[in-house]
Amino acid sequence: MTTAHPDAAHIAADLDTLLDPAPLRLETGITRLPGGGLIVAARTDLHGCKGRMLDWWFKFFQTTQHIKWWHPQDHVEHRGWDEHWRRGESYVGASIHAVESLADLPPVAAKLKFHAPQDCLDAARLHAATANGDVSAAVYARIGFGDAIELDAEGDPMDGQMIHLARDTPFGCVLRSRFYLGLSSARPEQDVPDVLGLNLLRHCYTEFTFLSRFLPSIYYGEHANDEAVPLPW
């Protein structure tokens, strides 16, 4: 990890636990880092979906309508990807700007800059987990909120980090999501209170539940030229 945050080692260790499919002490809930930052964990079952579909979704969506499919209530506006996003090809290295609310909290601007998952996970362990089927997709980003987002020298938002790790199952896939918040704050407990984390948890679970209801049809409809479509009849 490139961040020099005092909780960097705790975050790295927590991230690597996600590569093990065995039950974790925290699958869904919130807890505090030693430095006061907040960890938000959410586990969502995506019926009928596979990790490759989740990875593809981040290469596909690009309009406000698309993100409203994803969360009809909380997603307010898609303000666009930057020039590093290539539709259908890659989102790693790209940044997205959007406006969204978190359950009961009012809308706020957000920026996410996406990185390769090896930037936050042990590369050897990630390779092994992918090879043995414990991980089928990994989406990692640095995140920032508000109208004046603090960026580091590489242009990464400094407020927090986000990862989504999928593992394919017979019913679809299991998604583990983690958010690490308050990383740029001197008073994370005040600036990132528990209620924000609980609302983010609800938002994350809801958006991926909505996504699971339409993603397979969109994926095959847009992507079916080189992949057989499993028909229900």
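Helices and strands here are DSSP runs, numbered from the N terminus. Pro34 is a handy place to start, in the loop between β1 and β2 of this predicted model. With a relative accessible area of 62%, Pro34 is exposed, because anything over 50% counts as such. Its contacts, leaving aside neighbours within four places in sequence, are Asp7 and His10. The C-alpha atoms of Pro34 and His10 are separated by 8.2 Å, with these positions 24 residues apart along the chain taken as the sequence separation.

The two strands flanking that loop form a hairpin, with five residues between β1 and β2. Gly36 sits in the turn and has a positive phi of about 100 degrees. Four bridges hold the antiparallel pair together, β2 covering residues 38-47. Within this pairing, Ile30 stands opposite Val40 of β2.

Zooming out, the hairpin belongs to an open sheet of eight strands. Reading across, the order goes β1-β2-β8-β7-β6-β5-β4-β3, and the pairing is antiparallel. The edges are taken by β1 (29-32) and β3 (75-81), each of which pairs on one side only. From one strand to the next, the twist averages 25 degrees.

Two helices pack on this sheet. Helix α1 (residues 8-17) touches β2, β7 (160-169) and β8 (172-181), and its direction makes about 175 degrees with that of β8. Helix α2 (residues 51-60) touches β3, β5 (105-115), β6 (137-145), β7 and β8; here the angle is about 145 degrees, taken against β7.

Further along the sheet, β4 (residues 95-102) and β5 run antiparallel and are joined by seven bridges. His97 faces Lys111 of β5 across this pairing. These strands, too, make a hairpin, now with two residues between them, and Ala103 in the turn shows a positive phi of about 55 degrees. On to the next pairing: β5 and β6 are antiparallel over six bridges, and Lys113 stands opposite Arg142 in β6.

Lys113 and Arg142 turn up again around Asp156, a residue of the loop between β6 and β7. Not counting residues up to four places away in sequence, Asp156 touches Lys113, His115, Arg142, Glu150 and Leu151. Is this loop residue buried or exposed? Asp156 is buried, since its relative accessible area is 2% and the cut-off for burial is under 20%.

Another loop residue, Val135, lies between α4 (123-131) and β6. Val135 is buried as well, with a relative accessible area of 5%. Beyond the neighbours within four places in sequence, Val135 is in contact with Leu19, Leu126, Ala129, Thr130, Leu165 and Ala166. Val174 is 39 residues away from Val135 along the chain, and the C-alpha atoms of the two are separated by 9.6 Å.

Back to α2, which is mostly covered: eight of its ten residues are buried. The buried set consists of Gly51, Met53, Leu54, Trp56, Trp57, Phe58, Lys59 and Phe60. Besides packing on the sheet, α2 meets helix α6 (residues 194-223), the two axes coming within 10 Å and crossing at roughly 80 degrees. That crossing makes α2 roughly perpendicular to α6, because the class runs from 65 to 115 degrees. On the α2 side, the contact is made by Arg52, Met53, Leu54, Trp56, Trp57 and Phe60. The α6 side contributes Phe208, Leu211, Phe214, Leu215, Pro216, Ile218, Tyr219, Tyr220, Glu222 and His223.

Aromatic residues deserve a few words of their own. Across the whole structure, a search finds 18 aromatic pairs. One of them is Trp56 with Phe60, a stacked pair at 4.8 Å centre to centre and with 15 degrees between the planes. Why are these two residues about one helical turn apart? Trp56 and Phe60 are four residues apart in helix α2, so about one turn separates them. An α-helix has 3.6 residues a turn, so residues three or four places apart point the same way. Both Trp56 and Phe60 are buried. Elsewhere, a charged side chain meets a ring: Arg213 lies over the face of Phe210, at 5.4 Å from the ring centre.

Technical notes: Residues are numbered from 1 along each chain as its sequence is written. This is a predicted model: local features need pLDDT of at least 70, side-chain atom pairs count only at pLDDT 80 or more; totals for chains, interfaces and linings use all residues. Side-chain values use heavy atoms; hydrogens and water are left out. Two strands pair if DSSP finds at least two bridges between them. Axes are lines fitted to C-alpha atoms, for helices over the stretch in contact, and angles run from 0 to 180 degrees between N-to-C directions. Contact means heavy atoms within 4.5 Å. Rings of Phe, Tyr and Trp (its six-membered ring) pair if their centres lie within 6.5 Å; planes under 30 degrees apart count as stacked, over 60 as edge-to-face and the rest as tilted. Buried means under 20% relative accessible area, exposed over 50%, partly exposed in between (1.4 Å probe, protein chains only). A charge sits over a ring if NZ of Lys or CZ of Arg is within 6 Å of the ring centre and within 35 degrees of the ring normal. Angles under 35 degrees count as roughly parallel, over 145 as roughly antiparallel, 65 to 115 as roughly perpendicular and the rest as oblique.
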